[in-house]
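Visitor: I am new to reading protein models, and I would like to go through this one slowly, with a reason for every answer. Could you guide me?

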Amino acid sequence: VLSLGADVLPEYKLQAPRIHRWTILHYSPFKAVWDWLILLLVIYTAIFTPYSAAFLLNDQEEARRHHCGYSCSPLNVVDLIVDIMFIIDILINFRTTYVNSNEEVVSHPARIATHYFKGWFLIDMVAAIPFDLLIFGSGSEETTTLIGLLKTARLLRLVRVARKLDRYSEYGAAVLFLLMCTFALIAHWLACIWYAIGNVEGQRIGWLHSLGQQIGRPLNASDPRGGPTIKDKYVTALYFTFSSLTSVGFGNVSPNTNSEKIFSICVMLIGCEWGEGGHAGGGECEGTRGCHRPVPRCHPQVPGVCPPHLDPPLVVLQVLKGFPECLQADICLHLNRSLLQNCKPFKGATKGCLRALAMKFKTTHAPPGDTLVHAGDVLTALYFISRGSIEILRGDVVVAILGKNDIFGEPLNLYARPGKSNADVRALTYCDLHKIHREDLLEVLDMYPEFSDHFWSSLEITFNLRDVRGLEGGHG
């Protein structure tokens with residue numbers, strides 16, 4: 001049983017996945033840092049692209065700086081750097097591993113390229129087109145305005161960002177911060193549109209003319225340098241959109257033309273929908289003190305109970321402690337039903353035994369690259385993989401790849417004292433694991449001796465982590 005040969009561990013599980021040269025692991029530190037860098041560039045794009053298209057392209061001084069070359073326009077230089085970084089990101093995505101539907105890490109370049117082509121390539125390509133270089137030196141005001149609007153295609157990358165940020169929506173503080181940032185970003189976009197409407201119409205009854213009269217800098221068609229500054233116009237536009245979205249509307253900045261009124265109605269509708277959605281999402285799980293999470297984030301199969309991956313185990317225990325003991329057992333049995341029904345060692349157990357085992361199991365969720373067990377750690381639990389892939393490493397060498405339904409740990413019945421791990425255990429993909437501590441398992445089996453023999457005879461540990469060389473303590 002202590003052997004690590006092919007008779008215990010299937011041969012295919014001893015073969016490390018072949019990583020081609022120049023292939024980047026999706027969970028590597030470099031990819032994590034790069035993703036954060038691209039996220040910052042996307043946030044910059046989401047803020048400055050609409051602002052530049054609405055405010056700067058129509059400003060006389062900025063227009064002259066735009067056409068004089070990249071050397072005298074800092075925004076042009078930054079935009080060029082952003083375009084280059086987005087193009088590099090496309091090349092990196094062509095060499096980054098991914099996880100397929102079978103929870104397998106795919107590292108073959110051809111399969112990676114095909115997957116990327118079918119996925120985000122088109123969006124990334126459109127977002128990376130260097131529109132500034134296409135029109136550099138053209139001198140046409142109409143073309144400059146058109147290209148400025150086309151640059152807003154970079155905002156398509158926000159779709160990818162939203163998808164990646166969804167994992168942080170499991171935490172209440174992160175949800176609040178993301179909602180606040182999204183609200184501010186929407187107000188910023190609407191402020192740019194609000195200014196563009198007043199600037200395009202150019203009517204003397206528009207909000208821009210009213211602003212100029214209020215601050216003593218009236219608009220004058222014969223003097224483009226007159227009128228409110230860019231700072232005055234942006235701050236006023238942002239003030240209007242924030243007050244409209246929050247349904248305050250003091251009236252000191254008001255729509256006057258039909259276009260402005262129609263846009264104001266749309267902004268108010270957006271504000272109403274946002275307020276209702278935030279109020280609906282702010283509900284908490286009733287009947288609990290430890291679970292302060294929006295109701296839609298609670299466990300879909302057990303209403304009102306937040307699953308372990310949304311909160312630390314202590315919080316979940318606090319939630320369960322609020323229920324009667326029989327209900328606690330029913331909930332735990334429901335959450336662990338897949339393991340208890342499909343895993344061979346648990347077949348044939350009585351319902352009482354399964355309920356007792358379910359109360360002892362804990363669910364662990366690990367992201368790619370997370371180390372579950374370090375070499376030298378005391379083996380205090382037995383792990384059952386329900387989703388994902390993990391790798392067993394000794395030093396820098398991968399000695400095994402485990403997947404769904406595999407078990408790792410040590411044969412607890414053979415030793416009186418827990419041993420130490422002979423390898424590192426690291427997640428390759430997002431993994432769900434069920435673990436049960438040594439003392440808890442032995443306690444339940446002592447209460448059900450008729451099931452104990454069947455369990456130990458049916459248990460097949462896929463990878464035995466016990467370090468036999470450093471064994472201290474005898475057999476049990």
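Guide: Let us begin with a term: a residue counts as buried when its relative accessible area is under 20%, as exposed when that area is over 50%, and as partly exposed in between. Please also keep in mind that this is a predicted model.

Visitor: Is K233 buried or exposed?
Guide: K233 is found in helix α11, which covers residues 230-245. Leaving aside residues up to four places away in sequence, K233 touches F55, Y195, W207, L208, L211 and P228. Its relative accessible area is 13%, and because the limit for this class is under 20%, K233 is buried.

Visitor: What percentage of the residues in the chain is buried?
Guide: The chain contains 18 helices and eleven strands. Among its contacts with a separation of 6 or more, 72% are between residues 24 or more positions apart. Of the 476 residues in the chain, the buried ones make up 42%.

Visitor: How are helices α3 and α5 oriented to each other?
Guide: Helix α3 (residues 74-93) packs with helix α5 (residues 121-128), their axes being 9 Å apart and the angle about 160°. Angles over 145 degrees count as roughly antiparallel. The two helices α3 and α5 are therefore roughly antiparallel.

Visitor: Which residues of α5 meet α3, and how many residues of the contact are nonpolar?
Guide: From α3 the contact takes in D83, F86, I87, I90 and N93, and these meet F121, D124, M125, A127 and A128 in α5. Sorted by class, the contact has two charged residues and one polar residue, while the number of nonpolar residues is seven.

Visitor: What is the handedness of the crossing of α3 and α5?
Guide: The angle between α3 and α5 is about 160°, but the handedness is stated in addition to that angle. The crossing of this pair of helices is left-handed.

Visitor: What word describes the way α17 and α18 lie to each other?
Guide: Helix α17 (residues 438-447) and helix α18 (residues 449-458) have axes that come within 5 Å and cross at roughly 125°. In α17, L441, L442, L445, D446 and M447 meet P449, F451, S452, F455 and W456 of α18, and these residues divide into eight nonpolar, one polar and one charged. Roughly perpendicular covers 65 to 115 degrees and roughly antiparallel begins over 145, and the arrangement of α17 and α18 is therefore oblique.

Visitor: What is the strand order of the open sheet with mixed pairing, and which strands does α17 touch?
Guide: This open sheet has five strands in the order β3-β10-β5-β8-β11, with mixed pairing. Its edge strands, each pairing on one side only, are β3 (362-366) and β11 (463-464). Helix α17 packs on this sheet, its direction making about 60° with that of β10, and the strands it touches are β3, β5 and β10.

Visitor: How many bridges does β5 have with β10, and which residue is the partner of F384 in β8?
Guide: Strand β5 (residues 381-387) has five of its seven residues buried, so it is largely enclosed by the rest of the structure. With β10 (residues 431-437), β5 pairs in the antiparallel sense over six bridges, and A381 there has H437 as its bridge partner. With β8, β5 pairs in the antiparallel sense over two bridges; Y383 is partnered by F408, and F384 by I407.

Visitor: Which residue of β7 stands opposite L393?
Guide: Another open sheet, with antiparallel pairing, has four strands in the order β4-β9-β6-β7. Its edge strands are β4 (371-373) and β7, and the twist from one strand to the next averages 30°. Strand β6 (residues 390-394) is joined to the antiparallel β7 by five bridges, and opposite L393 stands V398.

Visitor: What is the sign of phi at N405, and what is its value?
Guide: Most residues other than glycine have a negative phi. N405 lies in the loop between β7 (397-402) and β8 (407-409), and it counts as exposed because its relative accessibility is 58%. Although N405 is not a glycine, its phi is positive, at about 75°.

How values were computed
Residues are numbered from 1 along each chain as its sequence is written. This is a predicted model: local features need pLDDT of at least 70, side-chain atom pairs count only at pLDDT 80 or more; totals for chains, interfaces and linings use all residues. Side-chain values use heavy atoms; hydrogens and water are left out. Axes are lines fitted to C-alpha atoms, for helices over the stretch in contact, and angles run from 0 to 180 degrees between N-to-C directions. Angles under 35 degrees count as roughly parallel, over 145 as roughly antiparallel, 65 to 115 as roughly perpendicular and the rest as oblique. A crossing is left-handed if the near helix is turned anticlockwise from the far one by less than a right angle, and right-handed if clockwise. Contact means heavy atoms within 4.5 Å. Ala, Val, Leu, Ile, Met, Phe, Trp, Tyr, Cys and Pro count as nonpolar, Asp, Glu, Lys and Arg as charged, and the others, Gly among them, as polar. Buried means under 20% relative accessible area, exposed over 50%, partly exposed in between (1.4 Å probe, protein chains only). Two strands pair if DSSP finds at least two bridges between them.
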